[in-house]
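Welcome! Take a moment with the sequence and the model, and then we can walk through a few of the places where parts of the chain meet.

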Amino acid sequence: MNQPPPQGYLVRHATVTDLDGARRVMLDTLYREFGYGYVPEWHRDVLDLRGTYLDEPRHALLVAECDGEVVATTGVRSGGPAHPPHPLRLSERYSPWNTAQLVRVYVAPAHRRRGLAGALVEAATDFVTGAPGYDRIYLHTNADVEGAEAFWRSLAKEVFDARPTGEHGPGVGTVHFEIPL
């Protein structure tokens, strides 16, 4: 892949000083894009970015910045989809010991369609390949968000389309993917 960040942007591992900006991008996405806002069962990490990503050596929070402002995020953490709400067979397929999960791949609207998400996913994949114990990358997306499904299909292999099951209810078309290492 080898996708550099677009000119004027820096993609890097987050530091403590980036956490407020990263949280802002995440919460803006949850409220404005997804329309359902912060759901504690699904988004607990957003309130504890430091404990979830910075304090865990096999986890990472990556950010893209422009003019000193965090404008995009990507998280890596151990484990696959939780059951419930996701199907038990997916939870069993992706153990927390050898699975890295990509989460919070969010780009602020004014910075989209410039290659930031691709550059962040590449940086996250590089992190995973260098971290001990991981042999797969799992993620899921809300295919109802414009461009999300096409983006992930360009990088990953679908493992389960949950839209017919309605696993998260109306307006959340979840599709599960794996990125080959």
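## How the helices pack

Axes here are lines fitted to C-alpha atoms, for helices over the stretch in contact, and angles run from 0 to 180 degrees between N-to-C directions. Helices (H or I, at least four residues) and strands (E, at least two) are DSSP runs, numbered from the N terminus. This is a predicted model, in which local features need pLDDT of at least 70 and side-chain atom pairs count only at pLDDT 80 or more, while totals for chains, interfaces and linings use all residues. Residues are numbered from 1 along each chain as its sequence is written, and side-chain values use heavy atoms, with hydrogens and water left out.

Start with α1 and α2, whose axes lie 10 Å apart at an angle of about 155 degrees. The two helices are therefore roughly antiparallel; angles under 35 degrees count as roughly parallel, over 145 as roughly antiparallel, 65 to 115 as roughly perpendicular and the rest as oblique. From α1, the residues R23, M26, L27 and L30 make the contact, and from α2 H43, V46 and L47 do. Contact means heavy atoms within 4.5 Å.

Now look at α5 (residues 116-130) and α6 (residues 148-155), whose axes come within 12 Å and cross at roughly 40 degrees. That makes α5 oblique to α6. A117, G118 and V121 of α5 meet F151, W152 and L155 of α6.

## Aromatic rings and charges

Rings of Phe, Tyr and Trp (its six-membered ring) pair if their centres lie within 6.5 Å; planes under 30 degrees apart count as stacked, over 60 as edge-to-face and the rest as tilted. The model has 5 aromatic pairs by this rule. F34 and Y106 are edge-to-face, because their planes stand at 80 degrees, with ring centres 5.7 Å apart. This pair joins the loop between α1 (19-33) and α2 (40-47), home of F34, to strand β4 (residues 99-107), home of Y106, 72 residues away. F34 and Y106 also belong to one aromatic cluster with Y36 and W42.

Two arginines also meet rings: the charged end of R58 sits over Y134, 4.0 Å from the ring centre, and that of R89 sits over F160, 4.3 Å from the ring centre. A charge sits over a ring if NZ of Lys or CZ of Arg is within 6 Å of the ring centre and within 35 degrees of the ring normal.

## A buried threonine

Is T141, in strand β5 (residues 136-142), buried or exposed? T141 counts as buried, at 10% relative accessibility (buried is under 20% relative accessible area, exposed over 50%, partly exposed in between, with a 1.4 Å probe and protein chains only). Leaving aside residues up to four places away in sequence, T141 touches A148, W152, G173, T174, V175 and F177.
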